[in-house]
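I set out to record the nonpolar core, one loop residue and the contact between chains. The entries follow the structure.

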Amino acid sequence: MIVLAPEHVPAFPPVPPSREAAGGSAFSRSGKWGDRLFHGAALSFSAGILLLTGGIGASLWRNSALSRHAFGWEFLIGRVWDPVAGQFGALPFLYGTLLTSALALLIAVPLGVGAAIFLSELAPRRISDVMSFLIELLAAVPSVIYGLLGIFVLVPLVRRFLEPVLGKTLGFLPLFSGPPYGVGFLSAGLILAIMVIPFIITVTREVMLSTPKLLREAAMALGATRWEVATTVALPFARSGIAGAIFLALARALGETMAVTMVIGNTPVVSASLFSPGYTMAAVLANEFTEASDPLYLHALVEIGLVLFGATLVVNALAQLLVWSVKNRGGRR
Amino acid sequence: MTLIAFDSGRYRRRKLFGRLAFASTALCAAGVLSALFFILGYLWVHGISSINWDFLTKLPKPVGETGGGMANALVGSAELLGLAGLFGLPTGVFAGIYLSEYGHNRFGTIVRYTTDILNGVPSIVIGIFAYTLFVLPMRRFTALAGGAALGAMMIPIAVRTTEEFMNLVPTSVREAAYALGIPRWKTVVFIVIPTALRGIVTGIMLDFARVAGETAPLLFTAFGNRYWSRGILEPTSSLPVMITHTPFPPMRTGTARPGRRAWFF
């Protein structure tokens, strides 16, 4: 039986009062003007949000003009980042951002979805609820703290154990070659994975739990094992929700600044090795923005911000569409 | 018949496969959860031990000396959060009211979508925006710019929680008010909002908790300051930035925050 908790009953849009109710009574004068004023205020603040978001894009665009004119599209493929010589190419940062985010998702998605399957399908409901509450708590830990943990716990572990072992066993691949520094793409990817996993687990668990009981029971009645119910009924039902969660996690990984800055080593190189120190777009902004003395340097940095803004915009838009498509399937919980 | 079919080797194989697969998901869960709990425990243990009176009331010592506190950063963080609330909350709450009470049209959908987009903009990008808006024209780092950046980050969550909790107020309550001839704005301000107030306030507290930990947008707006800030037009220190800039005893300063956060929760 499906029991609807009160908060799951869909809220109906409020019915606007008819003209008689709002304006035709003895209160008409004050009510009408008050209504207009209130509506206007609420409307203008909403418009303010549109303005703000547009303003962010516009100001990034305007303040990167110098660099856009000087380098054009070359900016995105240039490998040299030399503020002294006035030579700016953003490829190392783009590469670092994409590589660390990809690495993070590669680690976080299988682990996160696996853990969510366990929490939603196998674990008793009460334990699963407590766990996911604690996991949500972790999502609220500020990123500087993750960065500190990265420096003091993760980087030494990676340098002493993970990288030597990987280098010995898989060292013939360019991916795992080179000296173990500790700081670098691998550590950044790991810390990002740790930061986005709570996200993936909580959303995936939620969507899988919202699978209608009827569907599960029908599959059971056809003789499916519990695992088959999980993979052939619940997972497909939750598919687009999970995809949305992954996109949101990706957006967070792309824009994550402090934790990555603290463990990636901050060296603008394009290297195939995961052990090599690198740099990301967000990290270079955090490190060099206050030092940018001449206008071209500043504009080049703002252009990196613009690229980052554009990337997260696209990823977020996709994520929202996916999440919305799930929500709009109706209040079937 | 069916019983025999279920006892067949094929079914047993399927069941076994399911068990193994579930065991592997359990391993995933165990791995992830133990890592996460290690983090929580680590922060808890190190955080509590480094909180003392000096830490809360003294200025940081010069580089190389031990001891000292981060009182200026505590005050600075409070100042920045106050400014952020001033910038972000009116916009967020009013927009939330709009979406819940008037926003069931195309404009409302656009606002909702934009809010979600704004929620996903990296904090450092918002920092750049505040930099171009305040720091460049004024030619100095100010608490004002930092507050504005944090305020912009607070808006999306304030909007969504306000809208959600106001939507939970039953339509019949509104209709009852209309039936008494109460104008719509009075219904919203005196009836709907008080009903939803607890939820909205909780959402706003969480919102504050979220931006309190933000570092990236403050690096080049409020910048940081080793001494007491002299007003909102001066560089101002804050806890997260302080953690980033403290060169050696960051363990002490850094991990005290989660303790404070835990209390907050």
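The entries below begin with conventions and then turn to the core.

Conventions. I worked from a predicted model, in which local features need pLDDT of at least 70, side-chain atom pairs count only at pLDDT 80 or more, and totals for chains, interfaces and linings use all residues. Residues are numbered from 1 along each chain as its sequence is written, and chains are lettered from A and ligands numbered from 1 in the order in which they are written.

Core. I looked up the largest nonpolar core (buried Ala, Val, Leu, Ile, Met, Phe, Trp, Tyr and Cys residues joined through C-beta atoms within 7 Å) and found 163 residues in it. Among those with the most contacts inside this core are I191(A), I200(A) and A249(A). Helix 8 of chain A, residues 185-209, gives the largest share, 17 residues; helices here are DSSP runs (H or I, at least four residues), numbered from the N terminus.

I200(A). Beyond four places in sequence, I found I200(A) in contact with A108(A), V109(A), G112(A), V113(A), A245(A), I246(A) and A249(A); contact requires C-beta atoms, placed from the backbone, within 7 Å.

A123(A). I located A123(A) in the loop between helix 5 (91-122) and helix 6 (125-139) of chain A. A123(A) counts as buried because it has 20 C-beta neighbours inside 10 Å, the cut-off being 20 or more other C-beta atoms within 10 Å. Leaving out residues up to four places away in sequence, A123(A) touches F118(A) and S128(A).

Interface. I noted 74 residues of chain A in contact with 78 residues of chain B. On the chain A side, helix 2 (residues 28-62) contributes the largest share, 19 residues.

Key:
Buried ≥ 20, exposed ≤ 12 C-beta atoms within 10 Å, placed from the backbone. Helix = DSSP H or I, 4+ residues; strand = E, 2+ residues; numbered from the N terminus. Contact = placed C-beta atoms within 7 Å.
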